[in-house]
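Reader: I work at the bench and want to learn to read a fold. Can we go through one together, feature by feature?

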Amino acid sequence: MEYLTAVIRHGSLRRAGEHLHVSQSALSEAISTLERELGVPLLERHRSGARVSREGRDLLPLMTEILAGVTQLKAAARDHARTSRAIRVGTVNAGTSVLLVPTVREFGAGHPNTSVDVATMFQPEIEEGLLEGRLDVGLVNVFPGDDLPAALHRTTLLHGTPAVCCRTDDPLAAKARISVDDLRARAFVGMRPGYLMHRLAQRLFDGDPPPETYSADGAEMGKSLVASGTGPAILPDYSIAGDPLEQAGLITLRPLAEEVPPVTMVLLRRRFDRVPPAILDFEETIVRLARST
């Protein structure tokens with residue numbers, strides 16, 4: 001089932017094999033064994049290659065649920081085998097200083113035997129890590145209409161609006177609203193491809209970006225570049241307000257003159273029949289702090 005799920009996710013036996021470090025023949029044989037056991041074809045095999053059958057795609061939600069249960073069983077067994085464990089969190093960075101850091105601090109104080117491992121990733125990597133059991137919790141930003149995997153449980157944390165982040169002594173900070181033309185006239189700090197704000201900047205600039213653009217690997221690096229005087233950036237307002245750099249008076253935020261879609265930070269985790277207690281406590285802590293933000 002893990003092999004078939006990988007083939008569906010990566011689109012071919014070859015790419016699935018590369019991801020799993022398993023030969024194509026071993027993948028195909030394992031899936032053939034499952035086909036004989038279930039009595040339905042899961043792959044359509046052709047000279048040009050193999051692709052997942054309709055039956056295989058129809059069975060995918062159930063297989064995902066079973067694999068999540070196996071992961072939960074293994075995690076529960078590990079919990080019984082040792083007195084401490086780690087919660088693995090993947091984040092896209094935008095809420096790290098404002099929300100995630102306070103959550104880790106408060107959660108850690110109440111759970112001395114549970115550590116929190118935080119990794120900054122792109123959203124597709126977070127979703128894949130959650131589905132494959134390599135992550136327990138994910139924090140991502142979404143626009144209205146963005147699709148999220150059905151196998152992941154979604155909890156809304158923060159609602160916001162994309163805004164311009166600039167230095168407090170930047171002439172842009174004197175404006176009530178900042179237009180795209182204002183940004184085009186300056187060096188600009190953009191997010192790398194794969195981040196939500198990169199998508200928005202591409203749409204706003206519409207093929208006519210500022211002549212000098214710097215790429216930042218996430219909101220935290222972006223705010224540091226803004227504070228250093230490199231140029232303004234577009235970030236979710238909840239990533240700027242309350243940030244230590246904003247509280248220190250180095251950076252500020254101004255709304256965009258153009259209409260932009262709202263942005264939402266959500267917490268993702270696998271759907272469990274029984275949520276592991278440590279993950280449930282972590283989720284309760286971050287939701288409570290988000291509501292007080």
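Author: Start with strand pairing. Two strands pair if DSSP finds at least two bridges between them. Keep in mind that this is a predicted model. Here, E6 and strand E12 (residues 263-270) pair over eight bridges. The sense is antiparallel. Leu152 stands opposite Arg270 in E12.

Reader: In what order do the strands of the open sheet come?

Author: Read across the sheet, from one edge to the other. The order is E4-E3-E5-E12-E6. That is five strands, with mixed pairing.

Reader: Which strands stand at the edges?

Author: Strand E4 (114-120) and strand E6 (152-160) do. Each has a single partner strand, so one side of each lacks a neighbour in the sheet. Between neighbouring strands of this sheet, the average turn is 20 degrees, direction ignored.

Reader: Which helix packs on the sheet, and what does that helix touch?

Author: Helix H6 (residues 123-131) packs there. H6 touches strand E3 (85-91), strand E5 (137-142), E6 and E12. The direction of H6 makes about 145 degrees with that of E5.

Reader: Now helix pairs. At what angle do H1 and H3 pack?

Author: Look at the angle and the axis distance together. Helix H1 (residues 2-10) and helix H3 (residues 24-38) pack at about 120 degrees, and their axes are 9 Å apart. Angles of 65 to 115 degrees count as roughly perpendicular, and over 145 as roughly antiparallel. The pair therefore falls outside both ranges, and H1 is oblique to H3. H1 passes H3 in a left-handed crossing.

Reader: Which residues meet where H1 packs on H3?

Author: From H1 come Tyr3, Leu4 and Val7. From H3 come Ala26, Leu27, Ala30 and Ile31. By class, this contact has seven nonpolar residues, no polar and no charged.

Reader: How do H1 and H2 cross, left-handed or right-handed?

Author: Their crossing is right-handed. The axes come within 8 Å and cross at roughly 115 degrees. H1 brings Tyr3, Ala6, Val7 and His10 to the contact. H2 brings Leu13, Arg15, Ala16, His19 and Leu20. The classes here are six nonpolar, two polar and one charged.

Reader: Which residues of H1 are buried?

Author: Check accessible area for each residue. Buried means under 20% relative accessible area. In H1, the buried residues are Leu4, Thr5, Ala6, Val7, Ile8 and His10. Just after H1, Gly11 takes a positive phi of about 90 degrees.

Reader: Where does a residue other than glycine take a positive phi?

Author: His21 is one case, with phi near 60 degrees. His21 lies in the loop between helix H2 (13-20) and H3. His21 is exposed, at 74% relative accessible area. Asp206 is another case, with phi near 50 degrees. Asp206 sits in the loop between H8 and strand E9 (213-216). Asp206 is exposed too, at 64%.

Reader: How many residues of H8 are buried?

Author: Helix H8 (residues 196-205) is mostly covered, with seven of its 10 residues buried. They are Leu196, Met197, His198, Leu200, Ala201, Leu204 and Phe205. Next, ask what does the covering. For H8, the cover includes E5, strand E7 (162-167), helix H7 (180-184), strand E8 (188-191), strand E10 (233-236) and E12.

Reader: Is E7 mostly covered or mostly open, and how many of its residues are buried?

Author: E7 is mostly covered: five of its six residues are buried. Now look at its partners. Four bridges join E7 to E10 in the antiparallel sense. In that pair, Ala163 stands opposite Leu235. Five bridges join E7 to strand E11 (residues 251-255), also antiparallel. There, Arg167 stands opposite Ile251.

Reader: One last residue. Is Tyr238 buried or exposed?

Author: Place the residue, then list its contacts. Tyr238 is found in helix H10 (residues 237-240). Tyr238 is buried, because its relative accessible area is 7%.

Reader: Which residues is Tyr238 in contact with, leaving aside its neighbours within four places in sequence?

Author: Tyr238 contacts Val98, Asn141, Leu158, His159, Gly160, Val263, Thr264 and Met265.

Notes:
Residues numbered from 1 in each chain as written. Predicted model: local features only at pLDDT ≥ 70, side-chain atom pairs only at ≥ 80, totals over all residues. Heavy atoms only, no water. Axes fitted to C-alpha atoms, helices over the stretch in contact; angles between N-to-C directions. Helix = DSSP H or I, 4+ residues; strand = E, 2+ residues; numbered from the N terminus. Parallel < 35°, antiparallel > 145°, perpendicular 65-115°, else oblique. Left-handed = near helix turned anticlockwise from the far one by under 90°. Contact = heavy atoms within 4.5 Å. Nonpolar A, V, L, I, M, F, W, Y, C, P; charged D, E, K, R; others polar. Buried < 20%, exposed > 50% of the residue type's maximum accessible area, 1.4 Å probe, protein only.
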